[in-house]
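Load the model in the viewer and keep the selection tool ready. The stops below follow one another, and each names what to pick.

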Amino acid sequence: MRQRNAPPRRRLPVWATALVLLVGVGLGTVVTWQNTYALREERVTVRHEGRELDGVLALPESGEGPFGLVVFVHGDGPVDATHDTFYRPLWEAFSRAGYASLSLSKPGVGGSEGDWLDQSMDDRAEETLAAVAWGRARPDIDDHRVGLWGASQAGWVLPKVAARDGALRFVIAVSPAVDWLRQGRYNLMAELRERGATPEETREALRRRETTLRLLREGADFERYRDAVGGPQTMTAERWRFVSRNFRSDASADLRSMSGTPTLLVLAGHDLNVDVADTEATYRRLLPPDSLTVRHYPDAAHSLVRSDLDGEPVPLTLTALLAPRQLFAPGFLDDQRRFLERVSGGEAT
């Protein structure tokens, strides 16, 4: 019942209602079209050390194979098989080079059993080797064209796997770290500069870092860390356990051992997480020049998302919905495809 003094409700004209519906339908069509990929996705399960790991095998849209295979190695965090759909443009690019992609949800994520925070980098390497073996056993996979793609924290995993499996055809390392401790300091200082920290704030952050490192070296438990460092922290007992297992990670020895594996090193111009100059220098020092390809993307952030979108939730979300292939730095997807075509020796089309 309308209140006495309330203005009458205005109805949209028929033409305006129709226009709203058309815009809504059109937008939905664009979103569906932009998020449809030239792929056949198959849900798979890989068993490793008594646990089942849920994953996706993304095959080229047509053909029976055998296809080459890219096995994905995630960065830090609770990443599912699709990385919240972030991987699909990459899978599509690889499919155009004649490659399938295999990606597993981390332990404890999605349908995967276990807890990724209980893993060391060696554990992650063994898990990746199990995924590689699973892929090679499939009749639609060419076991001579199997390689790895990994980002960020995968920088400590990829060289371990390649050092243990000399039959890998290639490694694609995206914003990889080399030394955990050096990276940690670089990341801290870069973030302090980014937010305009004062000299006093910087000194305090470095003091906290030194205290944390001392406690890690002493094998301190989480309660001792919390009492010593104090203040609001994102660190949890589970994360402290993970860091304690891995803070000594250094990829240098494994990089030497993977010498000869064709490697694409991908580096971003706006990387606050990894010191790209240090990473490039280390890769160039330890790998033969004829096995290493380096690609720089000046306008990319650490994840190779365009730097103008990184940290901007609304533009990032809209781009992910309306033009997901445009999330990445210009040339990134095409360069990945071309690298695979080259290492395949012209076998891919």
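**Sheet, helices and loops**

Start by selecting Leu39, whose bridge partner in S2 is Pro60. Before going further, note that this is a predicted model, in which local features need pLDDT of at least 70, side-chain atom pairs count only at pLDDT 80 or more, and totals for chains, interfaces and linings use all residues. Residues are numbered from 1 along each chain as its sequence is written, and side-chain values use heavy atoms, with hydrogens and water left out. Helices (H or I, at least four residues) and strands (E, at least two) are DSSP runs, numbered from the N terminus.

Extend the selection to S1 (39-48) and S2 (51-60). S1 and S2 run antiparallel and are joined by ten bridges. Strands count as paired if DSSP finds at least two bridges between them.

Now show the whole sheet. It is open, has eight strands with mixed pairing, and its order is S1-S2-S4-S3-S5-S6-S7-S8. S1 and S8 (292-301) stand at the edges with a single partner strand each, so one side of each has no neighbour in the sheet. From one strand to the next the twist averages 20°.

Add H2, which packs on the sheet and touches S1, S2, S3, S4 (99-104), S5 (141-151) and S6 (171-174). Contact here means heavy atoms within 4.5 Å. The direction of H2 makes about 105° with that of S1. Axes are lines fitted to C-alpha atoms, for helices over the stretch in contact, and angles run from 0 to 180 degrees between N-to-C directions.

**The S7 and S8 end**

Select S7 (residues 263-270) and S8, which pair in the parallel sense over seven bridges. For a single pair, pick Leu265, whose bridge partner in S8 is Val294. Then add H10 (residues 276-286): S7, H10 and S8 make a right-handed β-α-β unit. Right-handed means that, with the strands pointing away from the viewer, the path from the first strand over the helix to the second runs clockwise.

**Two helices**

Select H6 (residues 199-217) and H8 (residues 237-246), whose axes come within 10 Å and cross at roughly 75°. That makes H6 roughly perpendicular to H8 (angles of 65 to 115 degrees; under 35 is roughly parallel, over 145 roughly antiparallel, and the rest oblique). Show side chains for Thr212, Leu215 and Leu216 of H6 and for Trp240, Val243 and Ser244 of H8, which make the contact. These residues divide into four nonpolar, two polar and no charged. Ala, Val, Leu, Ile, Met, Phe, Trp, Tyr, Cys and Pro count as nonpolar, Asp, Glu, Lys and Arg as charged, and the others, Gly among them, as polar.

Stay in H6 and pick Leu213. Is Leu213 buried or exposed? Leu213 is buried, at 7% relative accessible area (buried is under 20%, exposed over 50%, partly exposed in between, with a 1.4 Å probe and protein chains only). Draw a distance from its C-alpha atom to that of Tyr225, twelve residues apart along the chain; the separation is 10.0 Å.

**Backbone stops in the loops**

Pick Pro66, in the loop between S2 and S3 (67-73). The peptide bond from Gly65 to Pro66 is cis, with omega near 5°.

Next go to Glu49, in the loop between S1 and S2. Glu49 is not a glycine, yet has a positive phi of about 50°. Glu49 counts as exposed, at 62% relative accessibility.

End at Thr85, in the loop between S3 and H2 (88-95). Thr85, also not a glycine, has a positive phi of about 75° and counts as partly exposed at 40% relative accessibility.
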